[in-house]
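Visitor: Could you walk me through this one? I'd like to go strand by strand and then look at the metal.

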Amino acid sequence: MSDITLGIIGSGQLGSLLCQAAKKLNIKTVVISDDEHGPAQNYSDQFIFTKYDNKDKIREFISKVDIVTYEFENIPIEILKSIDKERKVLPRPRINQTVQNRKLEKTFVNDLGIKTTEWAFIKSVEDVKKNKRLLPGILKTNTLGYDGHGQFVLNSLQDIKKDWCFTADYILEKKVNLIKEISVVITRFDNDNIYTYEPIENIHKDQILKHSKIPADITDEIFKKAQFNAKLIAEKLDYIGAMCVEYFIDENNNLLLNEIAPRVHNSGHLTINAFNISQFENHVRAVCGLNNEKVQKISNAEMINILGKEIEEYRSKSFSDVEFFFDYGKKKIKDKRKMGHLTILKK
Ligand code: ADP
Ligand code: MG
């Protein structure tokens with residue numbers, strides 16, 4: 001029996017799957033969350049429901065854990081840093097600070113020589129006008145975006161709404177004619193001690209991931225470059241844990257980095273059934289200082305995200321022995337909310 005207790009900030013499906021992976025490794029979990037109904041409480045050893053600015057509750061959380069990680073990146077940085085003074089937070093708070101901010105993230109990767117979409121930092125309508133060359137484009141809030149929240153398609157300057165007052169910072173990205181989207185999940189334990197999963201091919205609908213599969217239908221060159229960039233980023237950040245790099249492939253077969261997630265990722269759910277060690281187990285292993293065990297692929301696979309009401313149909317379905325249905329057990333069914341997923345192992 002291990003005597004490590006892992007603290008996890010956030011209680012959604014990623015938190016739930018991290019708790020399940022920890023359990024398999026005999027690592028105890030304490031989840032802290034501002035969502036009273038967060039499903040991870042069904043899998044954690046302990047659950048603390050609180051607003052993140054409640055100092056007493058944060059103190060209680062700290063007192064119960066040895067090491068801290070998180071399932072989502074939009075946590076106020078002051079909170080991560082204050083926790084980090086008492087218990088090590090992995091991935092490091094400064095990494096989260098860079099990666100959750102689209103301007104800092106893109107600047108960092110562009111400085112490494114990695115291509116992204118063309119983009120500009122935007123604070124006002126005038127800034128959009130100055131960067132007209134980026135239209136048709138997508139205006140994205142500089143921080144706090146997920147699943148397409150905080151994104152506006154701008155086909156022309158006429159699409160700028162009169163009542164926009166630009167109280168937040170944005171970036172404007174040129175709209176890419178996407179041929180494909182892929183992602184690479186990597187787990188870094190230490191210098192050069194890394195496991196890189198093969199690239200996963202992803203299909204988004206309305207900016208939300210709908211479908212993932214391995215193998216990705218890509219050239220060898222793109223395969224290698226996607227993995228190489230992910231490793232380079234992880235090394236440069238001195239990253240510990242699982243990280244996902246999302247890419248676009250454009251009509252000229254350019255590999256463009258879209259964004260980095262400093263955590264396990266929805267596109268990596270198929271690793272639970274398609275590999276002997278999933279992204280969740282590998283993340284827990286890395287942040288808790290366990291060994292980088294040999295990862296082996298078991299099968300090709302496809303994953304379908306189950307959104308909103310679709311879950312009702314799946315709950316009454318029966319599945320074959322190559323189909324694995326995950327119901328996140330979320331209390332409320334909301335339109336476009338990720339409610340579960342199905343992984344199908346393929347030849
Ligand atoms: P989020 O932080 O919400 O995941 P992303 O920036 O990853 O936001 O965008 C979500 C999806 O929207 C992408 O996976 C892609 O399908 C689409 N998208 C985003 N930016 C662009 C772009 N510049 N050109 C074309 N499609 C885009
Ligand atoms: Mg994304």
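Visitor: In which sense do strand β1 and β2 pair?

Guide: This is a predicted model, where local features need pLDDT of at least 70, side-chain atom pairs count only at pLDDT 80 or more, and totals for chains, interfaces and linings use all residues. Residues are numbered from 1 along each chain as its sequence is written, chains are lettered from A and ligands numbered from 1 in the order written, and side-chain values use heavy atoms, without hydrogens and water. Strands here are DSSP runs of E, at least two residues, and helices are runs of H or I, at least four, numbered from the N terminus; two strands pair if DSSP finds at least two bridges between them. β1 (residues 5-9) and β2 (residues 28-33) have five bridges, and the sense is parallel.

Visitor: Which residue in β2 stands opposite isoleucine 8?

Guide: Helix α1 (residues 13-24) joins β1 and β2 in a right-handed β-α-β unit. Right-handed means that, with the strands pointing away from the viewer, the path from the first strand over the helix to the second runs clockwise. Across the β1-β2 pairing, the partner of isoleucine 8 is valine 31.

Visitor: How many residues of strand β2 are buried?

Guide: Buried means under 20% relative accessible area, exposed over 50%, and partly exposed in between, with a 1.4 Å probe and protein chains only. β2 also runs parallel to strand β3 (residues 46-49), with four bridges, and isoleucine 32 faces isoleucine 48 there. The strand is mostly covered, and the buried count is five of its six residues.

Visitor: Which residues of strand β4 are buried on each side?

Guide: β4 (residues 67-70) pairs in parallel with β1 over four bridges, where leucine 6 stands opposite isoleucine 67. In a regular strand, side chains alternate between the two faces of the sheet. Both faces of β4 are covered, by Ile67 and Thr69 on one side and Val68 and Tyr70 on the other.

Visitor: How do the axes of α1 and helix α9 lie relative to each other?

Guide: Axes are lines fitted to C-alpha atoms, for helices over the stretch in contact, with angles from 0 to 180 degrees between N-to-C directions. Those of α1 and α9 (residues 279-287) come within 8 Å and cross at roughly 70°. Under 35 degrees counts as roughly parallel, over 145 as roughly antiparallel, 65 to 115 as roughly perpendicular and the rest as oblique. So α1 and α9 are roughly perpendicular.

Visitor: Which strands stand at the edges of the open sheet β5-β8-β6-β7?

Guide: That four-strand sheet is antiparallel. Each edge strand has a single partner, so one side of it is left without a neighbour in the sheet. These are β5 (119-122) and β7 (151-154).

Visitor: Which residues are the protein donors of the magnesium ion?

Guide: Donors are N, O and S atoms within 2.8 Å of the metal (3.2 Å for Na, K and Ca), and water is not among the atoms, so sites may look incomplete. For the magnesium ion (ligand 2), the protein donors lie 2.0 to 2.6 Å away and are Glu246 (OE) and Glu259 (OE).

Visitor: Is glutamate 259 buried or partly exposed?

Guide: The two glutamates are 13 residues apart, with glutamate 246 in strand β13 (residues 241-250) and glutamate 259 in strand β14 (residues 255-261). Glutamate 246 has 10% relative accessibility, so it counts as buried. At 23%, glutamate 259 counts as partly exposed.
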